[in-house]
Amino acid sequence: MSDKKTNVIAVCINSSHTFSKTKQKEIKLIKMIGVEGDAHAGKYVKHLSRVKRDPKAINLRQVHLIQNELFDELLTEGFIVKPGNLGENITTSGIDLINLPKATILKIGEDVQLEITGLRDPCRQIDDYNNGLLKKMISKDEDGNIIRKTGIMTIVKNGGIVRKGDNIEIIIPKEPHQKLEVV
């Protein structure tokens, strides 16, 4: 994509279904499960609203990533948001995550491979975390298309350990590319 360095800024986990996650030194990703010990890890959906709809649906939201550049943007608008605050497992730098095509592989460090399944839909819990923040998570482009800024969801294609500072290699799928939709 570019010569710009892309890497992991932070890794986070939460074993309960509360909104924010806590920064860790490292997280362990398990193939087709997610982050070991995280409330959203599992072969089948773990997000409570989705479990109610179909508890046997495959979990396409195993690992949540957000780009650190979003936090810089929010700071200019008076919102202080740190890695893990919006519930992401991995905070990245140098990658325009939300504009990558579906099925892109993010190779992190030596072993981990995540496949992008779609976008995270901003939810009302963002305003519970910081009132007024939800409005900043959705915008429109010049053509009137909705832009959701709350990161991407992935599945674990190959597991391993992820740490702050790990390099991220972006492997774009063959064309035709599929635009990311909410999962």
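Residues 24 or more positions apart supply 68% of the contacts in the protein chain with a separation of 6 or more, a contact being heavy atoms within 4.5 Å. The model is predicted: local features need pLDDT of at least 70 and side-chain atom pairs count only at pLDDT 80 or more, while totals for chains, interfaces and linings use all residues. Residues are numbered from 1 along each chain as its sequence is written, and side-chain values use heavy atoms, with hydrogens and water left out.

**The whole chain**

Display the entire protein chain. Its C-alpha atoms fill a box of roughly 40 × 35 × 35 Å along the principal axes. The radius of gyration is 15 Å, in agreement with the value near 16 Å for a compact globule of 183 residues; it is taken over C-alpha atoms, and the globule rule is 2.2 Å times the number of residues to the power 0.38. Of the 183 residues, 45% are buried (buried is under 20% relative accessible area, exposed over 50%, partly exposed in between, with a 1.4 Å probe and protein chains only). Colouring by secondary structure shows four helices and 13 strands; these are DSSP runs numbered from the N terminus, helices being H or I of at least four residues and strands E of at least two.

**The eight-stranded sheet**

Select next the open sheet of eight strands, which has the order S2-S1-S6-S5-S11-S8-S7-S13 and mixed pairing. Two strands pair if DSSP finds at least two bridges between them. At the edges stand S2 (22–24) and S13 (168–171); each has a single partner strand, so one side of each is left without a neighbour in the sheet. The twist averages 35° from one strand to the next. Axes are lines fitted to C-alpha atoms, for helices over the stretch in contact, and angles run from 0 to 180 degrees between N-to-C directions.

At the S13 edge, select S7 (residues 105–108), which is joined to S13 by four bridges in an antiparallel run. Ile-105 has Ile-171 of S13 as its bridge partner.

**Strand S5**

Move to strand S5 (63–67). Five of its five residues are buried, so S5 is largely enclosed by the rest of the structure. Val-63, Leu-65 and Gln-67 lie on one side, His-64 and Ile-66 on the other. In a regular strand the side chains alternate between the two faces of the sheet.

Now add the two neighbours of S5. Three bridges join S5 to S11 (residues 152–158), and these strands run antiparallel; here Leu-65 is partnered by Ile-152. Three bridges also join S5 to S6, with a parallel run, and Gln-67 is partnered by Thr-92 in S6.

Helix H2 (residues 68–76) should be shown as well: H2 lies across S1 (7–13), S5 and S6 (90–93), running at about 50° to S5.

**The three-stranded sheet**

Turn to the open sheet with the order S4-S3-S12, where the pairing is antiparallel. S4 (34–35) and S12 (160–163) stand at the edges, each with a single partner strand, so one side of each lacks a neighbour in the sheet. Four bridges join S3 (residues 26–30) to S12; the partner of Ile-27 in S12 is Val-162.

**An aromatic pair**

Finally, select Phe-19 and Tyr-129, which form a tilted aromatic pair, 6.2 Å centre to centre with 40° between the planes. Rings of Phe, Tyr and Trp (its six-membered ring) pair if their centres lie within 6.5 Å; planes under 30 degrees apart count as stacked, over 60 as edge-to-face and the rest as tilted. Phe-19 is in the loop between S1 and S2 and Tyr-129 in helix H3 (residues 125–129), 110 residues apart. Phe-19 is buried at 16% relative accessibility, whereas Tyr-129 is partly exposed at 29%.
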